[in-house]
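Trainee: I should be grateful for a close look at a single part of this model, with particular attention to how it is placed among its neighbours. Please then set that part in its wider context.

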Amino acid sequence: MSLDGKRVLLIIAGGIAAYKALELVRLLTKEGCGVSCVLTKAGAQFVTPLSLQALSGAKVYTDLFSLTDENEMGHIELSRAADLVVVVPASADILAKMAAGLADDLATTLLLATDKPVLVAPAMNVRMWQHAATQANMATLNKRGVLVVPPDEGPMACGEFGPGRLAEPPAIVAAIAQTLAQILGAGGSLNGALAGKHALVTSGPTHEPIDPVRYLGNRSSGKQGHAIAAALAAYGARVTLVSGPVSIPDPAGVNVVHVETALEMLAAVREALPADVAVCAAAVADWRVETLAAHKIKKTNDAPPSLTLTENPDILRIISTPGPRRPKLVVGFAAETENLYTHAAAKRERKGCDWIIANNVGGTGIMGGDSNEVTLINAAGEEIWPVMGKHEVAVKLAALIAQEVA
Ligand code: C5P
């Protein structure tokens, strides 16, 4: 997307990589993008307001309690005027403050007060990046919808080697352009594009009881389905999320129906219909035990018990069946480890859904992790998406859904 006429609020935090923020400002302004810069106290140790002002052609803000600035433009106004808030470099310190909700300077106050999407490009020493505290902060921010341009791996200013180097400015520009395309493609902001629409999402695993204490289940975390429900709600849809047992919190602003089994999930889905769009991200157990034992099956010296399994209903196929209650758009998922396109395209035909999000679960850390590698398959063919955070996959998918059903 062209960046011409777009507005970015750029927050520059402390770190040796702050010098790359100058190049970023140059690249953005070259493309016609308006950049307002906010420099933290630590950031000002590495780059000067004068350089940023010269490159952006605009006033640079540093002070929370500046009478002149408040007179010209209240600090909350700064983010209102922007399409996107970008933090480059995002130091361990500012990420921790964002995660904790601290607001002790202009940058953190803006980040807490803004209702605009926020994109961060972290940069720090490799051990600071890998520290459990930083990773926990990143997970918190990810859950809240903060978008990330992950750091690169390579030699660092401190002489160490590993992930933590700020992504190169052209990659950050590309991420900004992609994010703006999603936001603006959805009608100018994330809000409103799906107003008045009902979205139904299934998420998480199902647990199929064997006896009162045991069950058949799978490793689905529900992170992707929950993120999709949150992204659709952010686009203004009324969302019903039918969730199997997960250990993550309910997304805000979403009507969540908690279920255990595939049969309960199907009943909740039927109850929730009609919907304008349905996204089936749940990893529904294929089978359930035919007869549930009334009491805990005892371990004896005899042979282990044998369980007779029976097939669960295919919720996605049922939702996709043509009829007056079929949603305009039905999206299914296909977790594959090989022949991704062939298997997923066949699944789309078999189940009768419109789109399939095929996710490659062959890579390490994909299942249950925070990132996902997906291919969108529809009648037109396939579109391969790069590895992204699950939240980013959700926002991109929600943007496409908004275009299709709005
Ligand atoms: O057949 P498979 O389980 O690989 O298909 C995955 C897709 O089908 C996912 O979208 C999943 O939510 C959906 N599904 C379903 N009900 C089932 C099995 C799968 O809705 N019983």
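Mentor: What follows examines one helix and its surroundings, and then turns to the rest of the model.

The coordinates are those of a predicted model. The part chosen is helix 13, which covers residues 340–351. Its geometry offers a simple check: 12 residues at 1.5 Å a residue should span 16 Å, and the C-alpha atoms at its two ends are 16 Å apart, so expectation and model agree. Directly after the helix comes Gly-352, with a positive phi of about 80°.

Which residues of helix 13 are buried? They are Ala-344, Ala-345, Lys-347, Arg-348 and Lys-351. Because these residues cover an arc of only 155° around the axis, they lie on the same side of helix 13. The face turned away from that buried side carries Thr-342, Glu-349 and Arg-350, which are exposed. The list of buried residues thus includes Lys-347, Arg-348 and Lys-351, while Arg-350 belongs to the exposed face.

The partners of the buried side can be named in turn. Packing against the buried residues of helix 13 are helix 12 (315–320), strand 17 (329–336), strand 18 (355–360) and strand 20 (374–378). Strand 17 and strand 18 are also paired with one another: they run parallel and are joined by 6 bridges. Within that pairing, Ala-334 stands opposite Ala-358 of strand 18. The chain leaves strand 17, passes through helix 13 and arrives at strand 18, and the resulting β-α-β crossover is right-handed. Helix 13 therefore serves as the connection between strand 17 and strand 18, and both strands are packed against its buried residues.

On its other pairing, strand 18 meets strand 20 in the antiparallel sense, over 4 bridges. Here Ile-357 stands opposite Leu-376 of strand 20. Strand 18 is largely enclosed by the rest of the structure, because 5 of its 6 residues are buried.

Strand 17 also leads to a second helix, helix 10 (residues 223–234), as it is one of the elements that cover the buried residues of that helix. Helix 10 has 12 residues, and its first and last C-alpha atoms are 16 Å apart, close to the 16 Å expected at 1.5 Å a residue. Its buried residues are Gln-224, Gly-225, His-226, Ala-227, Ile-228, Ala-229, Ala-231 and Leu-232. Besides strand 17, their cover includes strand 9 (198–203), strand 12 (238–243), strand 14 (277–280), strand 19 (371–372) and helix 14 (390–405). Gly-236, which follows helix 10, has a positive phi near 100°.

For the wider context, the domain assignment gives domain 1 as 7–184 and domain 2 as 198–405. Taken over C-alpha atoms, the centres of the two domains are separated by 35 Å. Their contact draws on 7 residues from domain 1 and 8 residues from domain 2.

Elsewhere in the model there is an open sheet of 6 strands in the order 3-2-1-4-5-6, with parallel pairing. Strand 3 and strand 6 (147–148) form its edges; each has a single partner strand, so one side of each lacks a neighbour in the sheet. Strand 1 (residues 7–12) and strand 2 (residues 34–39) pair in the parallel sense over 6 bridges. The chain passes between them through helix 1 (residues 19–30), and this β-α-β crossover is right-handed. Strand 2, helix 2 (residues 49–56) and strand 3 likewise make a right-handed β-α-β unit, and 2 bridges link strand 2 to strand 3 in the parallel sense. Strand 4 (residues 84–90) and strand 5 (residues 118–122) run parallel and are joined by 4 bridges, with Val-86 opposite Leu-119 of strand 5.

Helix 8 (residues 132–143) completes the account with a further one-sided arrangement. Thr-134, Asn-137, Met-138, Leu-141 and Asn-142 are its buried residues. Seen down the axis, they fall within an arc of 140° and so line one face of helix 8. Exposed Ala-132 and Lys-143 are on the face turned away from the buried side. The buried residues pack against helix 5 (92–100), strand 5, helix 7 (126–130), strand 6 and helix 14.

Methods:
Residues are numbered from 1 along each chain as its sequence is written. This is a predicted model: local features need pLDDT of at least 70, side-chain atom pairs count only at pLDDT 80 or more; totals for chains, interfaces and linings use all residues. Side-chain values use heavy atoms; hydrogens and water are left out. Two strands pair if DSSP finds at least two bridges between them. A crossover is right-handed if, with the strands pointing away from the viewer, the path from the first strand over the helix to the second runs clockwise. The expected span of a helix is 1.5 Å times one less than its number of residues. Buried means under 20% relative accessible area, exposed over 50%, partly exposed in between (1.4 Å probe, protein chains only). The arc is that of the directions from the helix axis to the C-beta atoms. Contact means heavy atoms within 4.5 Å. Domain bounds come from an automatic or database domain assignment.
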